[in-house]
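The exercises below are meant to be worked through with the sequence and the coordinates at hand. Each task is followed by a solution that proceeds step by step.

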Amino acid sequence: MKIILLLILPFVFLTSCIEIIDDLKFNSDGSGTFKYAVNLSASKVKINSILALDSIDGKKVPDISDIRTKINEVEKLLSSKTGITNVKIDQNYSDYIFKLECDFTNVLVLQNAIKEIIKEESKNSKLKFLDDTWLVLTKDKLERNIPEMTIDLPKSIKEEDKESLNKGSYVCITRFEKPITKTSNENAKISPNNLNVMVRTNIFSLIQNPKLLENVIYF
């Protein structure tokens, strides 16, 4: 779900090198499993130096206990949502690798759960992008869209940070129990068994154009 990437963008710019895997599996009845992994291990030295500071640009830098508390709150909130089960968030603060996994009864349940958590955490129920639909599953296709959000990018990115962001990757995987016939995204790769499709891009390109991950997958 691209919304999670958008929420962590400020941290992406501080750490530069990041790997994200967005893995969505659908069963034949429309239920499924969502996995989301964020790997910051290549930037752990920089992260440790950031966490040692009191503030950056006048904003307080959270310590690990603050981060752990926030993630635990999100895990608890997600677990409380109807239709969401088996929620687990692995937190590795040695290498800064975070993995979320949960099961859902249908894509609408998953989207609504994420939207409700954003509302609760932001204390703002009038965010425009919360009216958008990110996933639509029918009997013959799945549409994956990017929510209409304004992304505030830094006015200038250092060349060394551009290089690191270009090395960072975002991998979007969608799995099915029925064969895929075609996709709308020209960068999408369908697996040899026609049951999985993957879109891969680098973080810098994705920040500039989030719609690189948009795709319509036909069965």
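**Exercise 1.** Is Ile89 buried or exposed?

*Solution.* The model is a predicted one, and the residue is first placed within it: Ile89 lies in strand S5, which covers residues 84-92. The next step is to compare accessibility with the cut-off, since a residue counts as buried under 20% relative accessible area. Ile89 has a relative accessible area of 14%, and it is therefore buried.

**Exercise 2.** Determine which residues Ile89 touches, leaving out those up to four places away in sequence.

*Solution.* With those neighbours excluded, the contacts of Ile89 are Ile71, Glu75, Lys99 and Leu100. For the pair Ile89 and Ile71, the separation is 18 residues in sequence, while their C-alpha atoms are 7.9 Å apart in space.

**Exercise 3.** Work out the order of the strands in the four-stranded open sheet, and then identify which strands stand at its edges.

*Solution.* The order is S7-S8-S13-S10, with antiparallel pairing. Strand S7 (135-137) and strand S10 (182-183) each have a single partner strand, so one side of each is left without a neighbour in the sheet, and these two stand at the edges. At the S7 edge, three bridges join S7 to strand S8, residues 141-144, and Leu137 stands opposite Leu142 in S8.

**Exercise 4.** Find how many residues the largest nonpolar core has, and which helix gives the most to it.

*Solution.* The largest nonpolar core has 48 residues, and those with the most contacts inside it include Phe34, Leu78 and Tyr170. Helix H5, residues 107-122, gives the most to this core, contributing seven residues.

How values were computed: Residues are numbered from 1 along each chain as its sequence is written. This is a predicted model: local features need pLDDT of at least 70, side-chain atom pairs count only at pLDDT 80 or more; totals for chains, interfaces and linings use all residues. Side-chain values use heavy atoms; hydrogens and water are left out. Two strands pair if DSSP finds at least two bridges between them. Buried means under 20% relative accessible area, exposed over 50%, partly exposed in between (1.4 Å probe, protein chains only). Contact means heavy atoms within 4.5 Å. A nonpolar core is a set of buried Ala, Val, Leu, Ile, Met, Phe, Trp, Tyr and Cys residues joined through side-chain atoms within 4.5 Å.
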